[in-house]
Amino acid sequence: MERLQKAIAASGYTSRRKAEDLIIQGKVAVNGEIVTELGTKVKKGDFITVDGKPIVTENKVYYLFYKPKGCVCTLDDEFDRPKVTDYFTDVKERIYPVGRLDYDTTGLLIMSNDGEFANMIMHPRYHLEKIYEVSINGLINGATLHKLEKGIYLEGVKTLPCKIKVINKDTEHKTTVLQIKLYEGKNRQVKKMFESVGHPVKRLHRLSVGCVNLKGLTPGTYRILKPQEVKDLKKLVNGKK
Ligand code: URA
């Protein structure tokens, strides 16, 4: 027996949170009966429908994508811009991005239909390390970097300590290239952090998430995550419970 929202998320139909919304909205039926109770348990063989259509259990799939510039991670963009899922036309499963990168951010994005896995990777509690390369306007000084590393207030909430390394200071073009290791993923966090200390971000690129990196991929391409890599990612977050 498992919770209805978990069963829906496990099918790859949508995330657990969105499944809860669907249940509350009265769109989910179990064996022909509309169910609006979130705690409802279902068992193997129960016939679950959303808006009258049966949910089909998909194989769990995991991809590592090199997101290029100029595409969005949302699946319903109000401006109808290119989506990351447009790059996966030959994948039949309903995959979605595990986490978000901005329209103009490039780099590593995990795509999957495994809601459980996505929640684990994204959950702030697990502090999974993400490494970004960031180009900023101006020549940032050591004291400002130290302040960012210790944590600063963004919209009233303090960021977790992070690690920042200077890669290059271009005095001619007044630009600094840095590597930043974050252990959380607030919305537009890197850009907000540097903006808040007067160094707007010019370019942002994610190099790695946990134990996986972009090696061997070029912008717009992807590969299947190896079962061992999926295991290792799960292990990284499980070790932090
Ligand atoms: N931080 C940002 O500001 N943007 C991203 O796309 C990712 C992290």
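This report walks through the overall build, pockets, strand pairings and salt bridges of a predicted model.

## Overall build

Let's start with the whole chain. The protein chain has 241 residues, and 46% of them count as buried. Its secondary structure comes to 6 helices and 17 strands. Along the principal axes, the C-alpha trace spans about 70 × 40 × 40 Å. If we take the contacts with a separation of 6 or more, 62% of them are made by residues 24 or more positions apart.

## The pockets

If you are thinking about where a probe would fit, the pockets are a natural next stop. The largest pocket has a volume of about 1,400 Å³, and its lining is made up of 48 residues. Nearest its centre lie Pro97, Val98, Gly99, Arg100 and Met122.

Which elements supply at least two residues each to this lining? On the helical side they are H2 (16-24), H3 (115-122) and H5 (189-196). The strands that do so are E8 (96-98), E10 (130-137) and E15 (201-209). Helix H3 gives the largest share, with 4 residues. By residue type, the lining of the largest pocket divides into 22 nonpolar, 12 polar and 14 charged residues.

The second largest pocket has a volume of about 300 Å³. Its lining consists of 16 residues, and Glu2, Ala7, Lys44, Ile48 and Thr57 are the ones nearest the centre. Here the division is 8 nonpolar, 3 polar and 5 charged residues.

## Strand pairings

One open sheet has 4 strands in the order E3-E2-E5-E6, and their pairing is antiparallel. Its edge strands are E3 (33-34) and E6 (53-54), each of which pairs on one side only. Strand E2 (residues 28-30) is joined to E3 in the antiparallel sense by 2 bridges. Within this pairing, Val30 has Glu33 of E3 as its bridge partner. As general background, the strands of a sheet pair through backbone hydrogen bonds, in either a parallel or an antiparallel way.

Further along the chain, strand E13 (residues 163-170) pairs with strand E14 (residues 175-182), again in the antiparallel sense, over 7 bridges. Val166 finds its bridge partner in E14, namely Leu178. The hairpin of E13 and E14 has 4 residues between the strands, and Lys174 takes a positive phi near 50° there.

Val177 is a good residue to click on in this hairpin. It sits in strand E14. Is Val177 buried or exposed? Val177 counts as buried because its relative accessibility is 16%, which is under the 20% cut-off. Leaving aside neighbours within four places in sequence, Val177 is in contact with Lys165, Val166, Ile167 and Asn168, and also with Glu133, Val134 and Ser135. Val177 and Gly138 are 39 residues apart in sequence, with their C-alpha atoms 9.8 Å apart in space.

## Salt bridges

How many salt bridges does a search of the whole structure find? The search turns up 13. In general terms, side chains of opposite charge can pair when their charged atoms come close. Three of the pairs are set out below.

| Pair | Closest N to O distance | Relative accessibility |
|---|---|---|
| Arg16 and Glu116 | 2.7 Å | Arg16 25%, Glu116 30% |
| Glu93 and Lys92 | 3.2 Å | Glu93 13%, Lys92 71% |
| Glu195 and Arg188 | 3.9 Å | Glu195 42%, Arg188 34% |

The salt bridge of Arg16 with Glu116 has its closest N and O atoms 2.7 Å apart. Arg16 belongs to helix H2 and Glu116 to helix H3, so this pair ties together parts that are 100 residues apart in sequence. Arg16 counts as partly exposed, and Glu116 is partly exposed as well.

In the salt bridge between Glu93 and Lys92, Glu93 counts as buried, whereas Lys92 counts as exposed.

For the salt bridge between Glu195 and Arg188, Glu195 counts as partly exposed, and so does Arg188. Elsewhere among the charged side chains, Asp102, Asp104 and Lys191 are joined into one network by salt bridges that share partners.

Methods
Residues are numbered from 1 along each chain as its sequence is written. This is a predicted model: local features need pLDDT of at least 70, side-chain atom pairs count only at pLDDT 80 or more; totals for chains, interfaces and linings use all residues. Side-chain values use heavy atoms; hydrogens and water are left out. On a 1 Å grid over the protein atoms alone, a cavity is a set of points where a 1.4 Å probe fits but cannot get out, and a pocket is an open set with protein on both sides within 12 Å along at least five of seven lines; lining residues have an atom within 4 Å of a point. Grid points are joined across faces, edges and corners, and a volume is the space filled by probe spheres set on the points. Ala, Val, Leu, Ile, Met, Phe, Trp, Tyr, Cys and Pro count as nonpolar, Asp, Glu, Lys and Arg as charged, and the others, Gly among them, as polar. Two strands pair if DSSP finds at least two bridges between them. A salt bridge is a side-chain nitrogen of Lys or Arg within 4 Å of a carboxyl oxygen of Asp or Glu. Buried means under 20% relative accessible area, exposed over 50%, partly exposed in between (1.4 Å probe, protein chains only). Contact means heavy atoms within 4.5 Å.
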